[in-house]
Amino acid sequence: MNKPALYLSAASTISHQPTFRNPGFSAALAPVEASSALISPDYKAYIDAGLLRRMSKILRMSVACARDCIEQAGTGQPDAIVVGTGLGCLQDTEKFLNTSLTVEGLLPPTSFIQSTHNTMAGQISLSLGNHGYNMTHTQNTLSFEHALLDAAMLLREGDRNVLVGAADEHIDILEDIVAQLAFEASAPLTSAASFFVLSVENQGDAKAVLADVYTVGGTKYGQEDIDAFLDRNGLQAGDIDLALYAGTPVQGAALNVDYLSLAGVYPTGSAFALHYAMDLLGTNSEVRNVLICNGLRKSNLGLTLLKAVEA
Amino acid sequence: MDSLKEDLKKQIIEQLNLEDLTVADIADDALLFNDQGLGLDSIDALELIVLLEKYHGIQLTNPEEGKEAFKSIDTMAEYIRKRKAA
Amino acid sequence: MGVCITGIGVVSAIGMSVDENLSALREGRTGIGPLHYLQGTKASLAGEVKASNDELRAALGVGTEYVSRTSLLGLQAAREAWGDNKRSGVIRTGIISATSVGGMDRSEVFYKDYLAQSNPDYRLLTTHDSGSTTERIAKELGITGYINTLSTACSSGVNAIMLGARLILQGTLDRVLVGGSDALSGFTIDGFRSLMIYDDQWCRPFDDSRAGLNLGEGAGFLLLEGEKSIELTGNKPICNVSGWANAADAYHQTASSPDGKGATLAIEHAIRRAGIGLDQISYVNAHGTGTKNNDHSESVALQNVFGDRIPPFSSTKAFTGHTLAAAGAIEAVFSVLAIRHNLIFPNLNYRTPIAETGLVPATQLETGVEVNAVLSNSFGFGGNNSSLVLTKYE
């Protein structure tokens with residue numbers, strides 16, 4: 001099927017790196033350190049105090065990035081809000097689980113309310129006063145790719161601008177769980193949120209073209225799946241100027257960068273990679289094609305192809 | 001100074017994460033659920049019910065009953081005193 | 001031909017299969033009662049599926065103990081909906097499930113031991129994340145490729161059906177198994193109790209005396225196929241998925257707006273998408289949880305859309321309890337049954353209309369009516385409102 005090009009017109013990321021409101025950040029990014037802290041912008045500039053006081057880390061990050069992104073894009077109210085999250089609102093989930101198992105009397109409800117996966121998307125709609133389509137995808141390491149696929153479908157169905165993003169948050173118990181389950185993380189475990197405005201039209205300042213997104217779950221995959229994806233898009237591995245990968249590098253690409261070393265490890269880290277790629281495409285004219293190859297889990301593959309905006 | 005009212009203000013600030021407020025910022029007669037007052041909502045009302053039980057040993061099982069009691073610090077203090085006297 | 005439903009499966013408090021659920025619906029028999037399998041909660045009544053995890057595992061042939069009840073219930077319903085269908089190299093097949101708490105039923109077992117420092121079994125956490133719930137179901141059925149999970153609280157199930165229909169219409173998939181699953185857990189029971197909307201008595205949707213919901217558990221799945229798939233499988237369509245919409249209420253974190261804005265938008269857009277007139281809706285399977293707020297807001301939305309010509313409507317939650325993310329999928333299966341057998345299900349426990357709106361739901365099983373189109377509503381936290389329109393396959 002011939003898919004029309006879609007434009008990424010704005011991006012906003014809060015992470016352990018200097019990504020927030022810092023165009024050109026991709027040029028000078030060092031690997032994320034175990035000691036690096038999550039950046040914390042002045043949240044009051046983005047979120048109403050009445051809402052902010054209840055918000056956990058993941059909610060603050062998400063709403064601030066969403067608002068920043070909408071402001072940058074200048075496209076007004078988005079037609080839809082689509083969010084991907086691998087593990088959802090862990091801080092509130094653990095808090096209520098703890099309360100539920102330890103408190104004998106009445107239980108405070110706030111952490112329960114905010115434990116549901118769609119709290120980010122819901123809070124963004126509340127913060128923007130948005131009545132459009134509001135969706136939350138949670139498919140492990142492919143949650144963000146599924147959100148992107150949904151957003152792309154909405155644009156093909158007639159929407160003009162969609163706010164799409166991803167968020168995951170770190171809580172201390174994850175370190176313990178990772179150690180106990182012998183999960184080998186190649187970089188520190190981190191938190192982050194990234195939001196984007198995806199549009200059918202280039203309003204003049206689009207940073208990148210989203211050419212295609214593909215996911216495959218529940219099966220082994222290999223280089224042949226990547227080659228087939230590129231072939232469907234009229235490309236070969238040699239046409240890829242930069243492959244941002246998690247797991248195994250992309251054979252044949254001009255340059256491979258392990259994005260986990262920059263973003264840290266969290267289920268929706270490919271959203272960080274997307275912002276990184278957009279930033280690079282916007283500042284380095286020699287980069288034309290970027291492939292994000294998300295193989296964070298061996299049975300799940302997510303592929304996202306970006307192209308430079310034609311002048 | 002009415003120590004019950006001061007305690008209530010401290011407890012409310014903590015229970016509801018009103019980090020920007022101090023006890024001095026909350027007037028005894030300020031309307032808690034009005035935007036001109038503290039601008040609390042239905043989730044806060046439930047948190048206040050928890051607060052009443054946790055700090056004052058008072059059980060309020062019908063949220064509707066809370067509406068009158070939670071109008072202001074004055075009415076909350078009055079409600080607590082009445083329940084304790086009963 | 002559009003998007004066709006060719007298979008259905010359901011497990012809930014009123015039965016382990018479509019036939020058992022249908023019998024209970026016909027007989028007005030509720031599945032809500034004291035908890036038997038889930039111990040140690042403060043709920044006096046809930047809609048529990050009448051089988052232990054061990055019984056479910058044995059019946060489904062699942063060997064590992066590291067599987068959540070949410071996956072087991074999902075698999076039970078998904079297998080029934082999938083039926084004798086075969087995997088195919090030609091038919092692009094996917095699965096979309098919906099869940100609100102994923103493997104929380106296992107995670108809370110872990111966390112209790114973890115807090116007590118009593119040798120917690122970390123492997124229980126491998127089923128925590130919602131995505132793994134669906135991956136487990138997909139694995140048991142041999143479905144690979146497009147595997148996805150939606151989690152939008154109590155509207156999730158309808159959203160999974162909607163996404164599946166869109167994927168078929170866009171030509172991304174040829175057929176897709178869609179549904180939702182949620183198991184009861186102490187976490188959710190305590191959660192709704194903390195909101196003071198868990199009724200210790202039997203829930204009374206749309207009744208003036210309603211005082212909250214009873215939670216339930218279960219799963220519903222539907223097999224959706226497009227034209228290409230049906231040509232190859234030869235399956236007989238039961239119904240069409242004709243209309244769908246999702247809209248945000250953007251009013252409050254938990255409360256629905258008094259003017260029913262989000263719900264009104266969802267219902268209107270779903271019916272418009274179906275391309276039928278308001279008077280062609282034969283029955284509305286309402287969200288009707290039994291909480292003060294939802295039933296009032298939903299009643300106002302029905303009045304906004306239909307004026308004084310509201311079709312016969314009922315909530316089936318007094319049968320099953322509120323099954324959260326599974327609700328939209330279970331009720332879509334019930335809506336298919338309404339069309340297939342020309343039935344309107346009774347709204348149990350109703351006596352007095354809500355003072356502000358005065359709406360009267362269907363209270364008796366109706367069998368003598370022609371049911372051609374059903375509207376099914378599911379509304380969730382965060383103002384997430386979804387509606388679905390199913391129509392008779394012509």
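1. A good place to start is the division of chain A, where the domain assignment gives domain 1 (6–199) and domain 2 (211–307); such bounds come from an automatic or database domain assignment. Please keep in mind that this is a predicted model, in which local features need pLDDT of at least 70, side-chain atom pairs count only at pLDDT 80 or more, and totals for chains, interfaces and linings use all residues. Residues are numbered from 1 along each chain as its sequence is written, while chains are lettered from A and ligands numbered from 1 in the order in which they are written.

2. Next, the meeting of the two domains of chain A. Their C-alpha centres lie 21 Å apart, and 44 residues of domain 1 are in contact with 28 residues of domain 2 (contact: C-beta atoms, placed from the backbone, within 7 Å). On the domain 1 side, strand E1 (6–14), helix H6 (143–156), strand E4 (161–168) and strand E5 (192–199) each supply at least two residues, and H6(A) gives the most, with 7 residues. Helices (H or I, at least four residues) and strands (E, at least two) are DSSP runs, numbered from the N terminus.

3. That side of domain 1 divides into 22 nonpolar, 20 polar and 2 charged residues. Here Ala, Val, Leu, Ile, Met, Phe, Trp, Tyr, Cys and Pro count as nonpolar, Asp, Glu, Lys and Arg as charged, and the others, Gly among them, as polar.

4. Helix H8 (residues 223–232) of chain A is worth a look in your viewer. A:Ile226, A:Phe229 and A:Leu230 are buried (20 or more other C-beta atoms within 10 Å of the residue's own; exposed means 12 or fewer, partly exposed in between, with C-beta atoms placed from the backbone). Seen down the axis of H8(A), the buried residues fall within an arc of 95°, so they line one face of the helix; the arc is that of the directions from the helix axis to the C-beta atoms. The face turned away carries the exposed A:Glu224, A:Ala228 and A:Asp231. Strands E6 (208–217), E9 (289–294) and E10 (300–307) of chain A are among what covers the buried residues.

5. Over in chain C, 5 of the 5 residues of strand E3 (residues 146–150) are buried. C:Tyr146, C:Asn148 and C:Leu150 point one way, and C:Ile147 and C:Thr149 the other. Strand E2 (residues 93–98) of chain C pairs with E3(C) in the parallel sense over 5 bridges (pairing needs at least two DSSP bridges).
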